[in-house]
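This briefing introduces a single protein chain to a reader who is new to structural description. Please keep the sequence and the structure in view while reading.

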Amino acid sequence: MMSSQESKQRMEEGRIYFPNDPEIVKKQFACMEVMYEYNATHAAEQEKRASLLPKMLAEAGEGCYIEPPLYSNWGGKHLHFGKGVYVNFNFTAVDDRDIYIGDYVMIGPNVTIATAGHPIEPSLRRQGMQYNMEVHIGNNVWLGAGVIVLPGVTIGENSVIGAGSIVTKDIPANVVAVGNPCRVLREIGEHDRKYYYRDREIDLPIE
């Protein structure tokens, strides 16, 4: 039988392990307490939300905001936010391993970022085994509504992931990518510096 220490080490190394180990579950539940408190806040309690974020997340840069409810396996313990991150309603972070989110990232409603997976081999799944792979989201990325990002994925800076996309592989920087599985549609370019939506021209200065 695998010890709690061995299970914890394997979890952190991305190896298959038993996530239902009693010591792991005990620590996991303790980390979720602040998340429950955050989710119970009212809209007018902005100062309280701001004070809870650094307690809840592994890193919380200046100006971050999460619109409750947040759903997180570890209560945000493995979520690393840069500055100016905005997260809309119903964000699900399967954060059994670290999720790194850069500066000024925008996350639409009902987005899921998952680090956890399960072996294809049925006998291993029957035993409840799991593995975890880090996810990296670069600066200025926009994840549209309903996007799902799978374990081990990296999304390059400035890229836009279209609503409803399922990101199964790495996406480079400075592109628009859409679909299931998510694929690069085009590069971000001069057209985007002139129009913000179809034929509607940008009428404010670009910094």
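The points below are grouped by topic, from the sheet and the core to individual residues.

The model is predicted. It contains an open sheet of five strands with parallel pairing, and its largest nonpolar core holds 37 residues. By the rules applied here, the model has zero disulfides and one aromatic pair.

**The five-stranded sheet**

- The strands of the open sheet follow the order E1-E4-E7-E12-E15, and their pairing is parallel.
- Strand E1 (59-60) and strand E15 (154-155) form the edges, since each of them pairs on one side only.
- E1 and E4 run parallel and are joined by two bridges.
- Ala60 has Phe81 in E4 as its bridge partner.

**The nonpolar core**

- In soluble globular proteins, nonpolar side chains tend to be buried together.
- Which residues of the largest nonpolar core touch the most other members? They are Phe81, Phe91, Ile113, Leu143 and Ile155.
- At least two residues of this core come from each of the following elements: helix H2 (22-39), helix H3 (46-56), strand E2 (65-66), strand E4 (79-81), E6, E7, strand E12 (135-137) and strand E18 (175-178).
- Phe81 has contacts beyond its neighbours within four places in sequence, among them Leu57, Cys64, Ile66, Val87, Phe91 and Ile101.
- Ala60, the bridge partner of Phe81, is also one of the residues that Phe81 touches.

**Asp95 and His78**

- Asp95 is found in the loop between strand E6 (91-94) and strand E7 (99-101), while His78 is found in the loop between strand E3 (70-72) and E4.
- Are these two residues buried or exposed? Asp95 is buried, because its relative accessibility is 0% and the limit for a buried residue is under 20%. His78 is likewise counted as buried, at 13% relative accessibility.
- A polar atom of the His78 side chain lies 2.6 Å from the backbone oxygen of Asp95.
- The side chain of Asp95 reaches the backbone nitrogen of Trp74 at 2.8 Å.
- Leaving out residues up to four places away in sequence, Asp95 touches Thr115 and several residues from Ser72 onwards, including Asn73, Gly75, Gly76 and Lys77.
- With the corresponding neighbours left out, His78 is in contact with Ala58, Asp95, Asp96, Arg97, Asp98 and Ile99.
- The C-alpha atom of Asp95 is separated by 8.7 Å from that of Glu134, although these residues are 39 residues apart along the chain.

**The hairpin of E18 and E19, and Ser165**

- E18 and E19 run antiparallel and are joined by four bridges.
- One of the bridge pairs is formed by Ala177 and Val184 of E19.
- Four residues lie between the two strands of this hairpin, and Gly179 takes a positive phi near 105°.
- How many of the five residues of strand E19 (residues 183-187) are buried? The count is zero, and the strand is hardly covered.
- Ser165 is placed in the loop between strand E16 (160-161) and strand E17 (166-167), and it is buried, with a relative accessible area of 1%.
- Beyond its neighbours within four places in sequence, Ser165 is in contact with Gly146, Val147, Ile148, Ala177, Val178, Gly179 and Cys182.
- Ala177 therefore has a place in two descriptions: it is a contact of Ser165, and it has Val184 as its bridge partner.

**The aromatic pair**

- Tyr65 and Tyr86 form a stacked pair, because their ring centres are 6.2 Å apart and their planes lie at 15°.
- The pair links distant parts of the chain: Tyr65 is in strand E2 and Tyr86 is in strand E5 (residues 86-87), 21 residues apart.
- Tyr65 counts as buried at 18% relative accessibility, whereas Tyr86 is partly exposed at 31%.

**The cysteines**

- The count of disulfides is zero. Cys31 is in no disulfide, and its nearest cysteine sulfur is that of Cys64, 19 Å away.
- Why does Cys64 have no bond to Cys31? The closest cysteine sulfur to that of Cys64 is in Cys31, and the separation of 19 Å is too far for a bond, because a disulfide needs sulfur atoms within 2.5 Å.
- Cys31 is partly exposed at 21% relative accessibility, whereas Cys64 is buried at 12%.
- Cys64 is also one of the residues that Phe81 touches.

Definitions and conventions. Residues numbered from 1 in each chain as written. Predicted model: local features only at pLDDT ≥ 70, side-chain atom pairs only at ≥ 80, totals over all residues. Heavy atoms only, no water. Buried < 20%, exposed > 50% of the residue type's maximum accessible area, 1.4 Å probe, protein only. Contact = heavy atoms within 4.5 Å. Polar contact = N/O pair within 3.5 Å; in protein donor to acceptor, adjacent residues only side chain to side chain. Core = buried A, V, L, I, M, F, W, Y, C linked by side-chain atoms within 4.5 Å. Pairing = 2+ DSSP bridges. Phe/Tyr/Trp six-rings, centres within 6.5 Å; stacked < 30°, edge-to-face > 60°.
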